[in-house]
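Subject: Structure handover

Hello,

Here is the structure I promised to pass on. Please open it next to this email and follow along.

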Amino acid sequence: MFLISRCFTHQLMTFSNAKMPPKIAVLGAGIIGVSSALAIQQICQKNVEVTIIAERFSPDTTSDVAAGLIEPFLAGSDVERVKEWTRLTIERIKEYMSEGNLGAEEKSGYWMQSVKEVPDWLKLMKNVKVLNESEVAAIRKRPGHNFGVFYTTWYLEPTRYIDYCTKKIMENGGKIIQRKIENIDELGNDFDVIVNCTGLGSRVLFNDETIRPCRGQIVRVSCPQVRHFFIDDDFYTLINDSCLILGGTKDLDQWELEVNSKTAQKIIEGNCQNIPSLRHAKILSHHIGLRPCRPTVRLEKEIKNNYPPIIHNYGHGGSGVTIHWGCALETAELVNKTIIERKSHL
Ligand SMILES: Cc1cc2nc3c(=O)[nH]c(=O)nc-3n(C[C@H](O)[C@H](O)[C@H](O)COP(=O)(O)OP(=O)(O)OC[C@H]3O[C@@H](n4cnc5c(N)ncnc54)[C@H](O)[C@@H]3O)c2cc1C
Ligand SMILES: CSCCC(=O)C(=O)O
């Protein structure tokens, strides 16, 4: 009886609230959650009530650790979808830059490779130049630099951008609740649609063991004279408005959130070998993030008996900034379609 009544109650709630704007719960306040919430408000023409529920908010999310370089990395096997999401995100970044926002720029640099790679997503970049032998020899900093590509991409600083999105969400009447959800039963019949943007949290919350942590450690430094990014198989130097991000670790199934000093030293040494002027850099801070890695990004609608429809948008690996807006738009379209379908049944 309980199950039937609960299901009936839910339908009844929907019927009884037919005149109220649909209530959308967005679980997660990283770049995926906030961008999805904003896209939902925009695509549903603000005829929705969006509430973000999250355990952690910026600057304490994985998203805040990211350098925000725009290129697919550890993004799973859906390469065509990832390329289209990247294309839409680049368009978004150009708009964001045209508004005069800080924390987003075009940036050029080198990707030096041990095995030649010229992925399709390079077609989305500018000034792409596959280096010839003499150019490789001129740039090479270590034996593993057998091939190379020069290109121009963008960066989008996540913390500034999350703040930008959050301000707009609140201006549009959005709400925010700080809370860890142990079980979606806790949400009861309070919402008409649930949007899951919990990243690695989906492993427990939605019992998805295919999403795994890929631990990344970075060092933020100040070295204004370095103006190009430099990426190779093991290390990277990326650029933000007022600092450089030195990285490259990618340790699957490692959950450790403590900074490892030996790893930090290795990251600094490796990047100094690639860019010797980094020896004059000033160390600013050390950070760890657990990339939410999955075989593919999960972006789909799930219908579970006795629950509101759930739209999943998680598992963006090392590319959450790169593909966020393409994913947010697709998520918002799924929400809008769900609302329209429900209205047609009233
Ligand atoms: C070192 C490093 C460098 C990176 N560099 C780049 C880069 O240059 N470019 C790029 O595109 N990507 C990069 N990434 C990847 C990018 O950071 C991630 O893909 C992205 O942050 C994922 O965003 P998210 O919103 O899904 O996850 P998160 O930022 O982890 O947000 C998840 C949210 O869900 C909430 N949550 C989880 N479980 C629950 C629960 N049970 N109840 C309530 N709330 C919950 C959390 O509190 C949080 O608010 C990097 C990642 C790392 C670690
Ligand atoms: C390969 S450079 C981009 C860095 C990145 O996306 C990451 O560390 O997850």
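A residue is called buried when its relative accessible area is under 20%, exposed when it is over 50%, and partly exposed in between. Keep that cut-off in mind. Ser 319 has a relative accessible area of 1%, so Ser 319 is buried.

**How far to trust it**

This is a predicted model. The chain has a mean pLDDT of 94. Of its residues, 94% reach 70 or more. Residues 1-16 are another matter: there the pLDDT is below 50. That stretch still has 20 contacts in the model, beyond near neighbours in sequence. Where pLDDT is low, predicted coordinates should not be read in detail. For the complex, the predictor gives an ipTM of 0.99 and a pTM of 0.95.

**The first annotated set**

UniProt has an unreviewed entry here. Under "binding site" it lists Thr 62, Ser 63, Ala 67, Gly 68, Leu 69, Thr 198, Gly 317, Gly 318, Ser 319, Gly 320, Val 321 and Thr 322. Among these residues, Ala 67 and Leu 69 also help line the second largest cavity.

Start with Ser 63. It sits in the loop between strand S2 (49-54) and helix H3 (79-98). Its relative accessibility is 13%, so Ser 63 counts as buried. What does Ser 63 touch, not counting residues up to four places away in sequence? The answer is Gly 30, Ile 31, Pro 158 and Ile 162.

Leu 69 is in the loop between S2 and H3 too. At 16% relative accessibility, Leu 69 counts as buried. Set aside its neighbours within four places in sequence. Leu 69 is then in contact with Thr 153, Trp 154, Tyr 155, Phe 229, Ile 231, Leu 238 and Thr 322.

Now back to Ser 319. Its place is the loop between strand S15 (310-314) and helix H8 (320-344). Ser 319 touches Glu 71, Pro 72, Phe 73 and Ala 75, leaving out residues up to four places away in sequence. Compare two kinds of distance here. Ser 319 and Leu 69 are 250 residues apart along the chain, and their C-alpha atoms are separated by 8.6 Å.

**The second annotated set**

The unreviewed entry also has a "binding site" annotation that covers Tyr 236, Arg 291 and Gly 318.

Tyr 236 lies in strand S10, residues 236-239. With a relative accessible area of 16%, Tyr 236 is buried. Beyond its neighbours within four places in sequence, the contacts of Tyr 236 include Ile 218, Phe 230, Asn 271 and Arg 291. Gly 248 is another of its contacts. The C-alpha atoms of Tyr 236 and Gly 248 are separated by 5.6 Å, with these positions 12 residues apart along the chain.

Arg 291 belongs to strand S13, residues 282-293. Buried or exposed? At 11% relative accessibility, Arg 291 counts as buried. Not counting residues up to four places away in sequence, Arg 291 touches several residues, including Phe 73, Leu 74, Arg 212, Arg 215, Tyr 236, Lys 250, Gly 317 and Gly 318. Look at Tyr 236 in that list: both residues are covered by this annotation.

**The cavities**

How many cavities of 30 Å³ or more does a search of the whole structure find? It finds two. The second largest holds about 30 Å³ of space. Its lining is made of Ala 67, Leu 69, Lys 107, Tyr 155, Phe 229, Leu 238, Ile 239 and Asn 240. By class, that lining has six nonpolar, one polar and one charged residues.

**Backbone details to check**

Three spots deserve a look.

- The peptide bond from Ser 58 to Pro 59 is cis, with omega near 15°. Pro 59 is found in the loop between S2 and H3.
- Leu 74 is not a glycine, yet it has a positive phi of about 50°. Leu 74 lies in the loop between S2 and H3. At 34% relative accessibility, Leu 74 counts as partly exposed.
- Asn 306 has a positive phi of about 70°, although it is not a glycine. Asn 306 is in the loop between strand S14 (298-302) and S15.

Best wishes

Notes
Residues are numbered from 1 along each chain as its sequence is written. Chains are lettered from A and ligands numbered from 1 in the order in which they are written. This is a predicted model: local features need pLDDT of at least 70, side-chain atom pairs count only at pLDDT 80 or more; totals for chains, interfaces and linings use all residues. Side-chain values use heavy atoms; hydrogens and water are left out. UniProt positions are given in the numbering used here, feature names are shortened, and annotations may be inferred rather than shown by experiment. On a 1 Å grid over the protein atoms alone, a cavity is a set of points where a 1.4 Å probe fits but cannot get out, and a pocket is an open set with protein on both sides within 12 Å along at least five of seven lines; lining residues have an atom within 4 Å of a point. Helices (H or I, at least four residues) and strands (E, at least two) are DSSP runs, numbered from the N terminus. Buried means under 20% relative accessible area, exposed over 50%, partly exposed in between (1.4 Å probe, protein chains only). Contact means heavy atoms within 4.5 Å. Grid points are joined across faces, edges and corners, and a volume is the space filled by probe spheres set on the points. Ala, Val, Leu, Ile, Met, Phe, Trp, Tyr, Cys and Pro count as nonpolar, Asp, Glu, Lys and Arg as charged, and the others, Gly among them, as polar. pLDDT is the predictor's confidence in each residue, from 0 to 100.
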